[in-house]
Amino acid sequence: MKGLIVKASAVVISLLSLCVRAYPQDCYPNPPQILEATAQIAAQQVVNDLVNKNKTPEEAAKAIGQKIQSLVLYAVGDAIAPDRNHEIYSLKKYEYIGETARTDKQIGASARAEGSTSAVEKPGFAELLGFAIEHGAIQKRIDGTSLTLSTTPYAFIAWANKGDTAELYRQNEFFTRVGLSASFNISNKDQPLADVNNKQLTEWSIRMRLAGDRSARSKEFQEWWAENIRPKINDRLAVLVTGFGDLLDEKLDQNAEDGKRVSSIVNDVQATLQAQIKLYLESHTSELPAEKTTGVKQLILCTLKDKIVEPVRSNQIKLSPELRAKLNDKLFPSLAAAHAALEQAREDFNKFWESFSKGPLTTFAFTNHRTSMGSDYSEFAFLHEQATLRPLKLVANGWVSIYSNPDRTMNQQQVRDYGAALSFQGEANSPFLTETPDLSKMTFAFTGRYQRTKENEGVAGKKADIAIAQFRMEIPIRMGLSIPLSVTYANATELIKEKHVRGNFGLTLDVDKLFALTRRVLNP
């Protein structure tokens with residue numbers, strides 16, 4: 001008997017799974033944008049709880065409760081709207097994640113390191129953690145593979161205080177000005193972290209930001225945000241809180257004897273969605289997170305269509321004339337007005353960020369280079385970035401490097417080399433991030449670099465004047481993750497007088513951007 005029950009249960013679950021799997025993708029065509037956006041965020045939260053927080057499908061499905069009131073409200077608004085000109089269709093999706101749009105950070109190794117993909121160094125740096133693996137060479141004869149880790153003293157302060165906030169950032173502003181990085185030569189490419197040791201260290205660097213701060217946690221940005229954006233966010237929240245409170249306590253039908261209220265619909269839809277989402281997640285374990293998110297989103301929209309929109313339109317769910325009037329004449333117009341103010345705020349923000357992100361940024365960098373052949377040396381450099389030829393950014397480097405203990409037998413002098421690099425960088429939207437909230441840009445740069453190597457002067461088979469031309473492109477592919485690609489021409493290397501063309505590639509991870517994506521300020 002027990003075995004029969006188990007088999008019967010399995011059959012029922014299989015049939016329900018097929019139903020869930022076969023949920024029509026077009027079951028809710030052209031929903032209000034605000035409803036679709038809210039369903040997307042709710043689905044992302046469910047999948048995030050399942051994948052990143054290791055919750056069970058049943059536990060993850062409970063995340064729908066965070067957005068259920070908004071979902072029901074917008075679905076009701078669609079059901080009672082007399083036409084497509086109603087205010088419910090003017091409500092849009094908003095979010096603020098400006099940190100992800102930054103393109104000024106040097107996450108990888110310097111141009112001298114084996115494996116470097118860039119002939120110029122940017123003045124910005126990762127404030128929490130940067131990680132890069134690169135393969136190639138700019139100024140070396142032999143390609144190499146390097147691993148670069150970067151952070152700041154502020155990252156440890158944020159960790160000790162259990163969170164990175166704008167207030168903590170301002171209180172420890174000095175420590176955000178200092179960047180630390182180390183690059184390692186990777187010999188075991190299958191286990192790169194096994195080579196993070198002193199013997200494989202090829203260079204370490206300390207950077208001090210002298211001028212400019214493009215962080216969204218900076219004083220300038222926070223003051224502008226508090227004056228221009230936060231009041232409009234609060235106005236919208238006030239409308240929502242008041243509107244939801246009034247709506248939930250309303251009777252569905254003023255003449256009905258049972259006195260059933262709107263809150264009962266919310267509870268019913270939430271229970272139904274939790275059960276369906278749990279079943280969906282259990283039956284789609286092999287899908288990627290993005291596929292799960294799309295499936296859960298469609299499940300939410302289809303359920304709202306079946307449980308709210310159609311029953312209200314057909315009068316199976318009876319809304320009193322008083323409730324309809326309150327929604328149509330008061331709540332949705334107020335909400336639309338609040339969103340219109342946010343739309344203007346978003347345009348203002350885009351203009352502000354355009355200027356804010358292209359202001360001057362200057363950094364002093366000290367880098368100690370360790371070489372397997374020859375003498376170790378130190379490099380002192382000034383790195384600057386500024387938008388001078390819009391829409392291009394100009395990145396300029398100037399440096400001099402010295403030997404701490406020059407080897408006279410190798411024609412080494414106190415000054416090893418000096419030089420400069422100039423790069424023009426443009427931006428474009430990444431084709432891989434169209435369905436994510438990440439605002440990371442695809443960048444492309446044309447770079448010229450000149451270096452005078454003193455120890456090569458008068459030495460046969462070597463060239464003292466090294467000139468480099470490079471085209472580099474960095475393509476964001478996932479949130480916080482990007483691939484740098486470059487093609488470099490050089491008239492010589494530091495070791496041999498030989499022209500060459502090389503291709504370089506890598507993989508970089510900016511934890512600052514990942515963290516910013518978890519802190520959206522504007523949500524539907």
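In this predicted model, helix 4 passes helix 12 in a left-handed crossing. The helices span residues 68-80 and residues 321-356, respectively. Their axes lie 11 Å apart and form an angle of about 115 degrees. Helix 4 contributes Leu73, Tyr74, Val76, Gly77 and Ile80 to the contact. Helix 12 contributes Arg324, Leu327, Asn328, Leu331, Phe332 and Leu335. By class, the contact comprises 8 nonpolar, 2 polar and 1 charged residues.

Aromatic pairing was examined next. The whole structure holds 12 aromatic pairs. One of the pairs joins Phe221 and Phe356, with ring centres 5.8 Å apart. The ring planes of Phe221 and Phe356 meet at 50 degrees, so the pair is classed as tilted; planes under 30 degrees apart would count as stacked, and those over 60 as edge-to-face. This pair links distant parts of the chain. Phe221 belongs to helix 8 (residues 219-228) and Phe356 to helix 12, with the two positions 135 residues apart. Phe221 has a relative accessibility of 1% and therefore counts as buried. Phe356 is also buried, because its relative accessible area is 7% and the cut-off is under 20%.

Ring pairs also build a cluster. Its members are Trp204, Phe364, Phe366, Phe380 and Phe382. A further ring, that of Tyr377, lies beneath a charge: the charged end of Arg416 sits over this ring, 4.0 Å from its centre.

Conventions: Residues are numbered from 1 along each chain as its sequence is written. This is a predicted model: local features need pLDDT of at least 70, side-chain atom pairs count only at pLDDT 80 or more; totals for chains, interfaces and linings use all residues. Side-chain values use heavy atoms; hydrogens and water are left out. Axes are lines fitted to C-alpha atoms, for helices over the stretch in contact, and angles run from 0 to 180 degrees between N-to-C directions. Helices (H or I, at least four residues) and strands (E, at least two) are DSSP runs, numbered from the N terminus. A crossing is left-handed if the near helix is turned anticlockwise from the far one by less than a right angle, and right-handed if clockwise. Contact means heavy atoms within 4.5 Å. Ala, Val, Leu, Ile, Met, Phe, Trp, Tyr, Cys and Pro count as nonpolar, Asp, Glu, Lys and Arg as charged, and the others, Gly among them, as polar. Rings of Phe, Tyr and Trp (its six-membered ring) pair if their centres lie within 6.5 Å; planes under 30 degrees apart count as stacked, over 60 as edge-to-face and the rest as tilted. Buried means under 20% relative accessible area, exposed over 50%, partly exposed in between (1.4 Å probe, protein chains only). A charge sits over a ring if NZ of Lys or CZ of Arg is within 6 Å of the ring centre and within 35 degrees of the ring normal.
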